[in-house]
Amino acid sequence: MSEAAALSPGNIAAAVRRSLAAQSIVDMHTHLYPPGFGTPLGGKGGVGDPDGLLLWGVDELVTYHYLVAELFRVTPPGRPGYEEFWRMNKCDQADLIWRELFVDRTPLSEACRGVLQTLKSLGLDPNEKSLARYRKYFAEQTPSGYIDKVMTLANVSTITMTNAVFDDNERTRWLRDGHKLADARFTAVLRIDPLVRDYAAAAQKLAQWGYAVGPQISDGGIDEIKRFLTDWLSRQRAVYVAMSLPPEFRYPTGPGTGENEAAGLEVLRRAILPVCADMGLPFAMMIGSRLRVNPALRDAGDMVGKADIASVVNLCRQFGKNKFFVTMLARENQHELAVAARKFGNLMVFGCWWFLNNPSLIAEITQMRLELLGSSFIPQHSDARVLDQLIYKWTHSREVIGRVLADKYEALAAAGRSITEADIAQDAHRLFAKNYLDFLAR
Ligand code: HDL
Ligand code: ZN
């Protein structure tokens, strides 16, 4: 069919599926790394690095922290205990999770279904009772070759990392291996949560790293924090700066703001945002994560809380020269955030983050965003922590977002607007790549 011919309503859904499948994705937020950062699974001819940052293969897939949380919902108390579980090796942890969540129970959760979708997409049978056959398959892969395979299956063109400079393991690798970390498939993001979430602790580390920063904010200290930021932005060649923030995040300070919190906000106001504005870099705020509500679960122990959109509005208005990527973790915050984006062109709403990355909520949020923002938002990021997850996270999101888009196109057709394959392809490009890249370049 010619791209210019109007689609009949009955052909729109299939055209959307084709377009989204064909559209390569720039994934703007992941926790993935190229092989230069090391990988615990050496694969064919390789040697594993237990502290390596590139996670891939079935044992990492099955021990994803979402599934660890789900494991402890079904095992009898203390069998195993938390610390007993963490002392188990990765394979034993994966065998336990596979048996408890995938064999003894129907794997109904999104995180379970994702593992099965990934295995199926790789040509493996998702019905195995043990992980042995899957392990054999992954043992035949090389990390870099498997990255290409996964990116092709997921049709992802660029993987955007999260580079947590306050993480000792990652920082050491940047300082030691900087020259060999570059990989054209990946772009870096400077992640600096402690600078605002816990300024006192961050200041101590900065001082250890040679930046003249003290527990009290000073003009000299602000200059040193700016130097720290520009040092790392150039080392990483970062494309934006990011941090997650708790539900209690408020800007500006209020009567209840504590001393440490106030210091973090001053660092945000006087160092982080000016450096981002000077360098033309977006600042990404991921708001609503309350960390370690169950510390024994480690990464699986974080929780969601309703946050304050007025603070986002205040920042967008006060810092008109800055560009803000914002995603919020609470379902209850999504409508107000989308309305805020109608008020500020320097606010780009993105993703269905973490506990929102489920079909029912992706559908609800995407429909609302299309109705309020047209195509001027970024519908999804994968947040993948295990490379293989790109396959299922994007398979599932293309399916759900595609159905919502098809519904909107059918409604437009009913209103008399002709919808062509070219219209759909242009929107797919905008939503899954161009909005992000244009905002970086804006
Ligand atoms: O802060 C973040 O970037 C979150 O995405 C956390 O990493 C979280 O643990 C996660 O992986 N969510 O999907
Ligand atoms: Zn993340």
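## Zinc site

In this predicted model, the zinc ion (ligand 2) takes its protein donors from His29 (NE2), His31 (NE2) and Asp383 (OD), which lie 2.0 to 2.1 Å from the ion. Along the sequence these donor residues follow the spacing H-x1-H-x351-D. His31 and Asp383 thereby link distant parts of the chain, being 352 residues apart: His31 sits in the loop between strand S1 (25-27) and helix H2 (58-62), whereas Asp383 sits in the loop between helix H16 (359-373) and helix H17 (389-414). Both His31 and Asp383 are buried.

## The six-stranded sheet

The chain contains an open sheet of six strands, in the order S3-S5-S6-S7-S10-S11, with parallel pairing. Strands of a sheet, in general, pair through backbone hydrogen bonds, in either the parallel or the antiparallel sense. Strand S3 (163-164) and strand S11 (347-349) stand at the edges of this sheet, and each has a single partner strand, so one side of each is left without a neighbour in the sheet.

Starting from the S3 edge, S3 pairs with strand S5 (residues 189-191) in the parallel sense over two bridges, and Asn163 has Leu190 in S5 as its bridge partner. S5 in turn pairs with S6 in the parallel sense over three bridges, where Val189 is matched with Tyr240 in S6. S6 and S7 also run parallel and are joined by five bridges, with Met285 in S7 serving as the bridge partner of Met243.

## Strand S6 and the helices across the sheet

How many of the six residues of S6 are buried? Six of its six residues are buried, so the strand can be described as mostly covered. Tyr240, Ala242 and Ser244 point one way from S6, while Val241, Met243 and Leu245 point the other way, and all of them are buried. This arrangement can be read alongside a general pattern: in a regular strand the side chains alternate between the two faces of the sheet.

Two helices are described here in relation to these strands. Helix H13 (residues 259-279) lies across strand S6 (240-245), strand S7 (283-287) and strand S10 (324-328), and runs at about 130° to S7. Helix H15 (residues 334-343) lies across S10 and S11, and runs at about 140° to S11.

## Two domains and their interface

The domain assignment divides the chain into domain 1, which is made up of 9-38 + 154-441, and domain 2, which covers 58-139. The centres of domain 1 and domain 2, taken over C-alpha atoms, are separated by 28 Å. To the contact between them, domain 1 contributes 21 residues and domain 2 contributes 21 residues.

The size of an interface is often given as the accessible area that is lost when the parts come together. For domain 1 and domain 2 the buried area is about 1900 Å², and carbon and sulfur atoms give 62% of that area.

## Arg417

Arg417 lies in the loop between H17 and helix H18 (421-441). Is this residue buried, exposed or partly exposed? Arg417 has a relative accessible area of 45%, and because buried means under 20% and exposed over 50%, the residue counts as partly exposed.

When its neighbours within four places in sequence are left aside, Arg417 is in contact with Leu412 and Asp423. The C-alpha atom of Arg417 is separated by 55 Å from that of Ala202, a residue 215 places away along the chain.

Notes
Residues numbered from 1 in each chain as written. Chains lettered and ligands numbered in written order. Predicted model: local features only at pLDDT ≥ 70, side-chain atom pairs only at ≥ 80, totals over all residues. Heavy atoms only, no water. Donors = N, O, S within 2.8 Å, 3.2 Å for Na, K, Ca; no water. Helix = DSSP H or I, 4+ residues; strand = E, 2+ residues; numbered from the N terminus. Buried < 20%, exposed > 50% of the residue type's maximum accessible area, 1.4 Å probe, protein only. Pairing = 2+ DSSP bridges. Contact = heavy atoms within 4.5 Å. Axes fitted to C-alpha atoms, helices over the stretch in contact; angles between N-to-C directions. Domains from an automatic or database assignment. Buried area = accessible area lost by both parts, 1.4 Å probe.
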